[in-house]
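This briefing sets out the computed features of one protein model for a reader in computational chemistry. The points that follow the display are grouped by topic.

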Amino acid sequence: MQIGAERMCMPYPSTDQFVDAVKQTALANKRWIPPSGKGSLYIRPLLFGSGSILGLAPAPEYTFLVYACPVGNYFKEGTAPLNLYVDEDFHRASRGGAGGVKSITNYAPVLRAIRNARERGFSDVLYLDSVNKRYIEEVSSCNIFLVKGRLISTPIACGTILEGVTRKSIMDIAIDLGYQVEERLVEADELISADEVFCTGTAVGVAPVGSITYKGQRIDYKIKSELVCKKLYSTLVGIQKGHIEDKRDWIVDIE
C-alpha cells in the first residue's frame, strides 16, 4: 500500500497503523471465519480519495479502511485446473504506467478481455508485454510461474506486474525446498515446453493451470498428484496453520 500510494500521490498509514487495523478487523469478524478447509476470511485494506475536488489533482483528503468477507474459491472451477487464454490484442499494463500498483488502474483495463475469454469458456486471460508482444507478464488477477525440471521461472517485476506477497512467499518456499528460482523475461513460446504452469495470488492462493491457448494452439499440461505447485502450496498452508515451523517470521498472532 505504501509503494502504491507513493506512485498515486496519496498519503498512507504507517506500518503500525496498517497492521493494527487489519488485526482489529480480523478480531471483529472472527465469527465469520469459515470452518477449516471450507474457505477463508478475506481481508481487504483500501485507501481512496474522499475529499472534494473536480480538477485533475490529488484529493485533499483520503480514507483508509479495512473490510472482511468470508469467501470460497476465487474461480468458479473451484480447485480444478485453470484454462487460460493468451490475449494478443488487449494489454494489462505498459512500461512507465501503474501496472505494478495494486489500484483500480490494474483491473479496469482487463474487464473486457476477461469477459471475452469467459464467454469462450476460459477461466482467465494471460497477458503479453505491450512492447514486444512476446513475453508473458501476468494473469488478470494473479502471477504466473513455469516449471521445467527443478527450475521455476516467473516474469520479472519491472513495473508492469504486481509483486504479490503470495508470489514472493512461494518463491522463498521453493528456494528452501531446493528448487532453482528465476525472475526473468519469459517468452510465450516457453509455455509449449513447460512441465507445469501455475498461478499465485492473495485470493487465488496457488492454482494449477490445465491448459493455455496461444495463437490458436491449445497447450495441455498433465495434472498429477505430485505437482510442484501442490507441494509449494501445502507448505505455505502448513506454515499458515502452524503445522510447519515458520522460519521467516511470517506469522502474526492477533490475539
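Lys-133 lies in the loop that runs between S4 and S5. The model that contains it is predicted. Lys-133 is not a glycine, yet its phi is positive, at about 55 degrees, and with 44% relative accessibility the residue counts as partly exposed.

**Backbone conformation in the loops**

- Most residues other than glycine have a negative phi.
- Cys-9 is another residue that has a positive phi without being a glycine, with a value of about 60 degrees.
- The position of Cys-9 is in the loop between H1 and H2.
- Cys-9 is exposed, because its relative accessible area of 52% is over the 50% cut-off.

**Overall architecture**

- The protein contains 6 helices and 11 strands.
- Its radius of gyration is 19 Å, close to the 18 Å that the globule rule gives for 255 residues, so the protein is as compact as a globular protein of that length.
- Along the principal axes, the C-alpha atoms fill a box of roughly 50 × 50 × 35 Å.
- Of the contacts between residues at least 6 apart in sequence, 62% join residues at least 24 apart.

**Surface and charge**

- Buried residues account for 39% of the 255 residues.
- The exposed area of the protein is about 14,400 Å², and 53% of it is supplied by carbon and sulfur atoms.
- There are 30 positive and 30 negative charges, and the mean positions of the two sets are 5 Å apart.

**Nonpolar cores**

- The largest nonpolar core comprises 23 residues, and those with the most contacts inside it are Ile-136, Leu-191, Val-197 and Ile-212.
- Strands S3 (82-87), S4 (124-128), S5 (136-139), S6 (143-148), S9 (196-201) and S10 (205-214) are the elements that each give two or more residues to this core.
- S10 provides the largest share of this core, with 4 residues.
- Beyond its neighbours within four places in sequence, Ile-136 is in contact with residues including Leu-126, Tyr-127, Leu-128, Ile-144 and Leu-146. Pro-155, Val-186, Ala-188 and Leu-191 are also among the contacts of Ile-136.
- A second, separate core has 16 residues, among them Phe-145, Val-147, Tyr-179 and Ile-239.

**A buried helix residue: Ala-113**

- Ala-113 belongs to helix H4, which spans residues 111-119.
- The relative accessible area of Ala-113 is 1%, under the 20% cut-off, and Ala-113 is therefore classed as buried.
- With neighbours up to four places away in sequence left aside, Ala-113 is in contact with Asp-87, Phe-90, Val-125 and Tyr-127.
- Ala-98 is 15 residues from Ala-113 along the chain, and their C-alpha atoms are separated by 18 Å.

**Residues of helices H1 and H2**

- Ile-3 is placed in helix H1 (residues 2-7), and its relative accessibility of 72% makes it an exposed residue.
- The C-alpha atoms of Ile-3 and Asn-73 are separated by 28 Å, with their positions 70 residues apart along the chain taken as the sequence offset.
- Phe-18 is found in helix H2 (residues 15-28) and is partly exposed, with a relative accessible area of 26%.
- Apart from residues up to four places away in sequence, Phe-18 touches Met-1, Pro-13, Pro-45 and Phe-64.
- Phe-18 and Val-228 are 210 residues apart along the chain, and 34 Å separates their C-alpha atoms.

Technical notes
Residues are numbered from 1 along each chain as its sequence is written. This is a predicted model: local features need pLDDT of at least 70, side-chain atom pairs count only at pLDDT 80 or more; totals for chains, interfaces and linings use all residues. Side-chain values use heavy atoms; hydrogens and water are left out. The radius of gyration is taken over C-alpha atoms; the globule rule is 2.2 Å times the number of residues to the power 0.38. Buried means under 20% relative accessible area, exposed over 50%, partly exposed in between (1.4 Å probe, protein chains only). Contact means heavy atoms within 4.5 Å. Accessible areas come from the Shrake-Rupley method with a 1.4 Å probe; for residues, only the protein chains shown count as cover. Lys and Arg count as positive and Asp and Glu as negative; His and the chain ends are not counted. The place of a charge is taken as NZ of Lys, CZ of Arg, CG of Asp or CD of Glu. A nonpolar core is a set of buried Ala, Val, Leu, Ile, Met, Phe, Trp, Tyr and Cys residues joined through side-chain atoms within 4.5 Å.
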